[in-house]
Amino acid sequence: MIKKIIVVLTLFVSVISSAQKNNASAYSFFGIGDKNNTNTVEQISMGSIGVSLNDEFRLNLSNPASLSSLKFTTYSLAIENKNIWAKEGADTQHGATTYLSYLAMGVPLGENAGLSFGLLPNSSVGYSLTSNIYNTGSELTEISLYNGEGGTNKVFLGFGIQVFKGFSIGFQGNYIFGKIENSITNQLKDVSLGSKYETLSSLKGFSLDGGVQYKTELNKNLNLHFGANFDLENDLNTEDEEYIYSVSLVSGEIPRDTILNKKSEGVLKSPLKTSLGVGVGKDNKWFAGLDYSFQDALNPQGSIFNNYSKIKYNKYSKISIGGFYTPKFTSITSYWERVTYRAGVKLEKTGLMVDALGNGSDFTAIDDFGISFGVGLPVSNQLSNLNLGFEFGKRGKIDKGLVQENYLNFRLSFSLNDKWFKKREIF
């Protein structure tokens, strides 16, 4: 039955992913797009905590040191549905998209080590905006169309090992790659040809993460967890192309004369990102934790991504609080007692600063606040789970020409467990 579910879900994800963009946010216009949440559905449902949390049955994408706790081979895949209501002044527009959120696998190596690998989106671009200019007589004199799509993906390989009782370390290597296309098409009243500015960027680079976890027993019903993860400084190389050309918009978009054709190279420098976590709980019963992450400002050099005069980058930070509760993990009489309930909250300073008015001095921080909750439903046996997660919140604000985005995200994942290596028993 589980195999059939995986096949159907994989086919569904493939169709959805090829047919739709994986973003619908106006803020994905800036830089390399929205930075995707690299946590599992289970973690996001708890406010995106997980730096200090380890689990025998589930992957933790926040800290490779947690792999040392894996006792079963774990397959995990997820889809995500995003709904955004963008408010600018009195106007509200809705956008939605569905896409593959991640595909990952974890394998225990002996009793105290584990390996993971997988694929997940790293950043996403997806917007389609229109800007109209009217004269004093309310007559349309100019229209501009803004379109963008693409993003970057991450292939990762992680390893974690317990060095001594309660203390684990881990490392993860990542290869990031992708393409981003942005364009602005402008048409003036009574002018036969429009103009189009288009940028194409190919990005690639490597990064390395390192993490530690420590777990100690305060008493038989209470454990104390500590964790830290470090995304080391890395460079993302870009190969950029810029075009400006005239277009005929009468019957479709037909390119005419090319005004600019320029190629360049650049680097996006990402500083060290530090994530710290602490939590308390009882294994397979309950957990409550707090995570805090911080990072210096991103630094684009020599690429088209530092040509935007209306944005700049500041320091990043995020604080998350959340946890889970399972009434009775080993219950054989009640299905609902084996269900895991999750909830959490996050406050994120994205580091993006936008000057929507364009005066060069009035930059406003784009912050993100979200509340999440979800459930883990046992499937087939108590080790595998179907996870449902919901998140709602807002990003940005209606001020100084900015856009406020209210969002509602739905996530679904399978976390499937199996025992690959079993000792042969002779009777």
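A nonpolar core is a set of buried Ala, Val, Leu, Ile, Met, Phe, Trp, Tyr and Cys residues joined through side-chain atoms within 4.5 Å. Buried here means under 20% relative accessible area, exposed means over 50%, and partly exposed is what falls in between, with a 1.4 Å probe and protein chains only.

With that in hand, welcome to the structure. This is a predicted model, in which local features need pLDDT of at least 70, side-chain atom pairs count only at pLDDT 80 or more, and totals for chains, interfaces and linings use all residues. Residues are numbered from 1 along each chain as its sequence is written, and side-chain values use heavy atoms, with hydrogens and water left out.

**Confidence**

The pLDDT is the predictor's confidence in each residue, from 0 to 100. For the protein chain the average is 86, and 91% of the residues score at least 70. Residues 4–20 have a pLDDT below 50, and beyond near neighbours in sequence this stretch has 18 contacts in the model. A contact means heavy atoms within 4.5 Å.

**The nonpolar cores**

Which residues touch the most other members of the largest nonpolar core? They are Tyr27, Phe30, Ile32, Leu203, Phe305, Leu352 and Val354, out of 19 residues in that core. Strands S4 (113–134), S6 (167–188) and S16 (340–354) each supply at least two residues of this core. Helices (H or I, at least four residues) and strands (E, at least two) are DSSP runs, numbered from the N terminus.

Val354 gives a good view of these surroundings. Leaving aside neighbours within four places in sequence, Val354 is in contact with Tyr27 and Phe30, and also with Lys310, Ile311, Asp362, Phe363, Thr364, Ile366 and Leu402. Another core, of 10 residues, lies apart from the largest one and includes Val41, Leu59, Leu67 and Tyr102.

Ser28 sits in the loop between helix H1 (2–19) and strand S1 (34–35). Ser28 counts as buried because its relative accessibility is 0%. Its side chain reaches the backbone nitrogen of Gly126 at 3.1 Å. That is a polar contact, a pair of N or O atoms within 3.5 Å; within protein, one must be able to donate a hydrogen and the other to accept it, and residues adjacent in sequence count only if both atoms are side-chain atoms.

**A run of paired strands**

Two strands pair if DSSP finds at least two bridges between them. The table follows some antiparallel pairings, each with one pair of residues that stand opposite each other.

| Strands | Bridges | Opposite residues |
|---|---|---|
| S11 (273–282) and S12 (286–295) | 10 bridges | Thr274 and Phe294 |
| S12 and S15 (316–325) | 10 bridges | Ala288 and Gly323 |
| S14 (311–313) and S16 | 3 bridges | Lys312 and Met353 |
| S15 and S16 | 9 bridges | Phe324 and Arg342 |
| S16 and S17 (364–379) | 12 bridges | Met353 and Ala365 |

S11 and S12 also form a hairpin with 3 residues between them, and Asn284 in the turn has a positive phi of about 60°. Strand S12 has a covered face made of Phe287, Gly289, Asp291, Ser293 and Gln295. Its uncovered face holds Trp286, Ala288, Leu290, Tyr292 and Phe294.

**Salt bridges**

A salt bridge is a side-chain nitrogen of Lys or Arg within 4 Å of a carboxyl oxygen of Asp or Glu. The structure holds 13 of them.

One of these joins Asp55 and Arg58, with the closest N and O atoms 3.1 Å apart. Asp55 counts as buried because its relative accessibility is 16%, and Arg58 is buried too, with a relative accessible area of 14%.

Asp235 and Lys269 meet through their side chains at 3.2 Å, N to O. This pair links distant parts of the chain, with Asp235 in strand S9 (234–248) and Lys269 in strand S10 (254–270), 34 residues apart. Are these partners buried or exposed? Asp235 is partly exposed, with a relative accessible area of 31%, and Lys269 is partly exposed at 26%.

Strand S16 returns in the salt bridge between Lys346 and Glu391 (3.3 Å, N to O). Lys346 lies in S16 and Glu391 in strand S18 (384–395), 45 residues apart. Lys346 counts as buried because its relative accessibility is 8%, and Glu391 counts as buried at 3%. Salt bridges that share partners join Glu80, Lys346, Glu348, Asp368, Glu391 and Arg411 into one network.
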